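Me: I would like to learn how to read a few features of a protein model. Could we take them one at a time?

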Amino acid sequence: MNVENIYATFPELFLASCALMLLLFGVKRGNDATLFTGLIAVVVCLAAGVLLIKLPSFVEPGQAQLGVSALCHGCKAFGGMFINDAFAQFVKVLLLLASAIAIMLSWGYMERHGLERPEYPALILFATLGMMLMVSANDLLALYMGLELQSLALYVLASFRRDHVRSSEAGLKYFVLGSLSSGMLLYGISLLYGYTGSTGFEALAHVLAGEPPIGVVLGLVFVCAAMAFKVSAVPFHMWTPDVYEGAPTPVTAFFAAGPKLAALALFVRVLLQPLAGLEHQWVQVVVFMAVASMLLGSFAGLAQSNIKRLMAYSSIANVGYALVGMAVANEAGVQALLVYLSIYLVNTLGVFGVILCLRREGVMAEKIADLAGLSKSHPLLAVAMGIFMFSLAGVPPLAGFFGKYFVFLAAVQAGMLPLAIIGVLTSCVAAYYYLRIIKVMYFDDATEAAVDPVPEFSLRIVTGGAALLMLLFVFMPTPVIDSALAAAHSLMPQG
Amino acid sequence: MLLDLAAVFLPLLGALVVGLFGRSLGDRASQLVTCAGVLAAAVASVLIFHDVALSGGDTHAWVLANWITSGDFKVNWGLKIDTLTAVMLVVVNGVSAMVHIYSIGYMSHDKGVPRFMAYLSLFTFFMLMLVTSDNLLQMFFGWEGVGLSSYLLINFWYEKASANSASIKAFLVNRVGDFGFMLGIFGCYLAFGSVQFDVMFQKAPDLMQSSFSFLGASVPTLTTLCLLLFVGAMGKSAQLGLHTWLPDAMEGPTPVSALIHAATMVTAGVFMVARLSPVFEFAPDALAVVAVVGALTAIVAASIGLTQFDIKRVIAYSTMSQLGYMFFALGMSAYPAAVFHLMTHAFFKSLLFLGAGSVIHALSGEQDMRKMGGIWRKIPFTYAYMWIGSLALAGIGIPGVMGMAGFYSKDIILESAFAAGMTHHQAFGVTAYVLGLIAAFMTAFYSWRLLLLTFHGTFRGDHHTLEHAHEAPWSMLGPLVPLALGAILAGKFGYDLFVGEAMAEFWRDSILTLSYFPPRETHLGVGTTIQFAHHVSDWVGLLPLVVALAGIFMAYVFYVWAPSLPGKCARGLGALYRLVFNKYYFDELYNAVFVRTAQRVGKALWTTGDDAIIDGYGPNGVAALAVRLSQRASALETGYVYHYAFAMVIGLAGFVTWFWFWA
């Protein structure tokens, strides 16, 4: 194997080998080692993140000696099937962070529900690996491979609570529908290959400049549909509420953060690089999905009483906003999308941190009404939840406001005023269900036995940290905004 | 300059201090602060009057600050004090100071003393702003300010429902007038390019022939502007048509009635027309309208006054009637006569009001004259004051020797009307003179009706009230002394300056009156209305005195010698009496035409416009729609995998169809 390939994919290789070793270790030591494997998995995620950022500077001094020619940003490996540009790095760092947090969120929950299995952290690592491959895919087949690696791990995770009927149902539904979307994806890929004779992104981009034949457009539609399924955009969103509600809560938290981000990043890369020539066509698809997602996510959320289900609709609406950034289809749009997703990722993990704290006599409390009186019994938790909800609703000066601001700004500057207007109006509708949670926490009296939140140490760190980030983003937004700009820049054809 | 500032801003200072800190200052300190402020302002006003009007000093003109600068439109906060303003300063600050002191006694048992004193001082300040303005906009500022203070003071006893509605009525009726005033100001800016008086006065003669096109008709510019401004004056000065608020405004405490609704605020309209005389003089048609409205107001108000039983309302209608006199004097270009009457009227009418307040005070709040009578022994001082006031109001005097204030001022108005009738205002002048004579008769009659019903005969209320009847304290009787002196002497000593020999020297350029050719039969040169008024036949000046004496005589016949006559007359006149007693049904008419219509329109807009359409389709409708949509949207989630798969396939098929057939 070429040494360049190893350097380019070093974080992925590191993650893969660690996951495999962890699996073996877990099998040998049994369920007692769960906490330990979890800790190791968190460390592995963080280490992979550090590698990702620091590797280029490690290697560069010895570059000549090793004969490595292109370990810079944007270097490619495995015959151009893998790319590690600034965009991929930005997303991967976020992914690793999300995975680490998701594992931390799961500890208490798994223990109480008799789910302490060492496979769990290993599965999350495998899913993360798949996502990293997706993000770095530079070929339709590499893309498919990453996607399937991620999906297979997620199917298992969704049904991880095997003795619980909702969890099994969720896993099964996700699997069946996921297979359908995989089929669509493969069919789309085959159409594209059939018309262009290539699966590599550069080759596709080269061939697809100019007026496309209808077959290519159909291929595009199929690929888009499969991607839309992964990001849960309307009308391919149907699995989301059921899976969010049925899956174990830490898994739901993971679903809401990592896979969504990875799929959106993949979606952006596919549309902006190989299919850039078809922009006129896919913008129509994306605009439709953005509008439909914003509308459905906002309105359907109004009627929900289960907070996990509510978060599912919230995620649909938020994907709608992210798709607005995608529909803009320029550097500003991608930058806005990345900023939006970074903020949303932290925000949503924080919300799930709070949800995981809520239980009554050892059973998870998942109804919105269960939050009543939280402001009196656990004021800090209520404040954190309040910050998350205000941020999701887009109230300045919290981070969520800036996410929406950049997206709508990009849309307005690109002349897509109707899209921005719909976005503002629907976020107004959605504000109702976010604010309702605050109202329930602060103004409703606890009716039945009050919830008895048990914020474990890890939950406290995640929730408090996320709340602080939402609160303080306004003071130092530049690191996120600048790296998002660099990432967006590297994605553009000229960059 | 310091003197001018003191005269204008000391009342404001008092109002601010007492208005903001009155609660902690306490009643006594509040009274002290406001009274001191206004008294000092009054002294300053007298000094200014001496300087500007008597010793012939220059007009005081100061620019205090820039107010608005917007393109060509520049307005300053300024003070312009010429003779006309100096007269108003003395009247306003003088009467206000007396009323302030009087209020110490009158309001002593009230729980809102600081608030009352602050409002009074605030009113005084706004009135001063109005009279010292050198431009229309600042005048409008004062104009609105006195309206606001009037509203606050009418509604001073805000627990009273009748006071609430009276104050709202006063405000709303004045809005109608103010609307005209505002249109007038806008128009003035368009026509003159400025709202500064100096600029306007300079350009007015050139605009005499100008006209503009409105809805296809050619309309004379100056006449239109003057009429619009006069609509404002009608509202503030309660002229016929916009007068309905004044009688109701008597719901306020009596000192308020004396200061605002007799002596000062209601004369703002008269002042405004006099101030704008250099414009009105070039719009003779507008002046004719002013004259007609004034004459009608004088007689209509006087006739209503004949039939009322509320002591304050009688005086209120009397005020309205006297304002009518002033306006028809203005309409005859006899501005000095109007301002002269304004000044004398301020003395005797505030005297009458405060005297009436003393009567009410003595009778524990009773205002109905049918429940009074024979109390002159109990309150001799008040009785004397009321006699003085009534004599002055009726215009009684001995020709050639000495007369009460009204004797001189009313005479010169009627003589001016007659003279104008002989010269340029043919029909209007004579008609106004005749109407004025009839009104003078009525004035004397209702004044003595009031005196006789209140103080003579036997007491008709319940005896507890009578036992408690007592003379007012000195804080109330004292301030009436200067007013009584004014009512006796102001005419005698003001005559020469205001309308007599020294007139030109006194007014100089603060009032402009054009000269006309004289009546054919005289041998005079060209002159002003007032100049001709001095040369009318003697009977013209004597007739008002004769009819006034006749009115007094009739009052004695009706209420002393033959007490059954009033009832018989009322029955005999039937419908006519009811028409007058019910104030010509103005309120009923306005209620039917404006108030009910407005209520109906408002209700329609509320129920169908706001509730049904705006709320229905707006907040409530959208919210209901959101709920329906959300139920539909969540109903899509059936839980069946094949539904979900179907939705995905349909979505895919939709996109494919779109691209296949349309894109």
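**Helix packing and other features**

Reply: Helix 5 of chain A and helix 12 of chain A are roughly antiparallel to each other, because their angle falls in that class (under 35 degrees is roughly parallel, over 145 roughly antiparallel, 65 to 115 roughly perpendicular, the rest oblique). This is a predicted model: local features need pLDDT of at least 70, side-chain atom pairs count only at pLDDT 80 or more, and totals for chains, interfaces and linings use all residues. Residues are numbered from 1 along each chain as its sequence is written, chains are lettered from A and ligands numbered from 1 in the order in which they are written, and side-chain values use heavy atoms, with hydrogens and water left out.

Me: At what angle do the axes of helix 5 and helix 12 of chain A cross?
Reply: Two packed helices are described by the angle between their axes and the distance between the axes. Here helix 5 (residues 86-112) and helix 12 (residues 249-272) of chain A cross at roughly 170 degrees, and their axes come within 8 Å. Axes are lines fitted to C-alpha atoms, for helices over the stretch in contact, with angles from 0 to 180 degrees between N-to-C directions. Helices are DSSP runs (H or I, at least four residues), numbered from the N terminus.

Me: Which residues of helix 5 and helix 12 of chain A meet?
Reply: Contact means heavy atoms within 4.5 Å. Helix 5 of chain A brings residues including A:Phe87, A:Leu94 and A:Tyr109, and helix 12 of chain A brings residues including A:Phe254, A:Leu261 and A:Arg269. By class, this contact has 18 nonpolar, four polar and one charged residues. Ala, Val, Leu, Ile, Met, Phe, Trp, Tyr, Cys and Pro count as nonpolar, Asp, Glu, Lys and Arg as charged, and the others, Gly among them, as polar.

Me: How many salt bridges does the rule find across the interface of chain A and chain B?
Reply: A salt bridge is a side-chain nitrogen of Lys or Arg within 4 Å of a carboxyl oxygen of Asp or Glu. Across this interface the rule finds zero, while the structure holds 22 over all chains. One of them joins the side chains of A:Lys173 and A:Glu169 at 2.6 Å, N to O. Both residues lie in helix 8 of chain A, four residues apart, about one turn of the helix.

Me: Where are the cis peptide bonds at A:Pro235 and A:Pro397?
Reply: Most residues other than glycine have a negative phi, and most peptide bonds are trans. The bond joining A:Val234 and A:Pro235 is cis, with omega about 5 degrees; A:Pro235 sits in the loop between helix 10 and helix 11 of chain A. That loop also holds A:Ser232, whose phi is positive, about 55 degrees. A:Pro396 to A:Pro397 is cis too, omega near 5 degrees, and A:Pro397 is in the loop between helix 17 (379-393) and helix 18 (399-413) of chain A.

Methods. Helix = DSSP H or I, 4+ residues; strand = E, 2+ residues; numbered from the N terminus.
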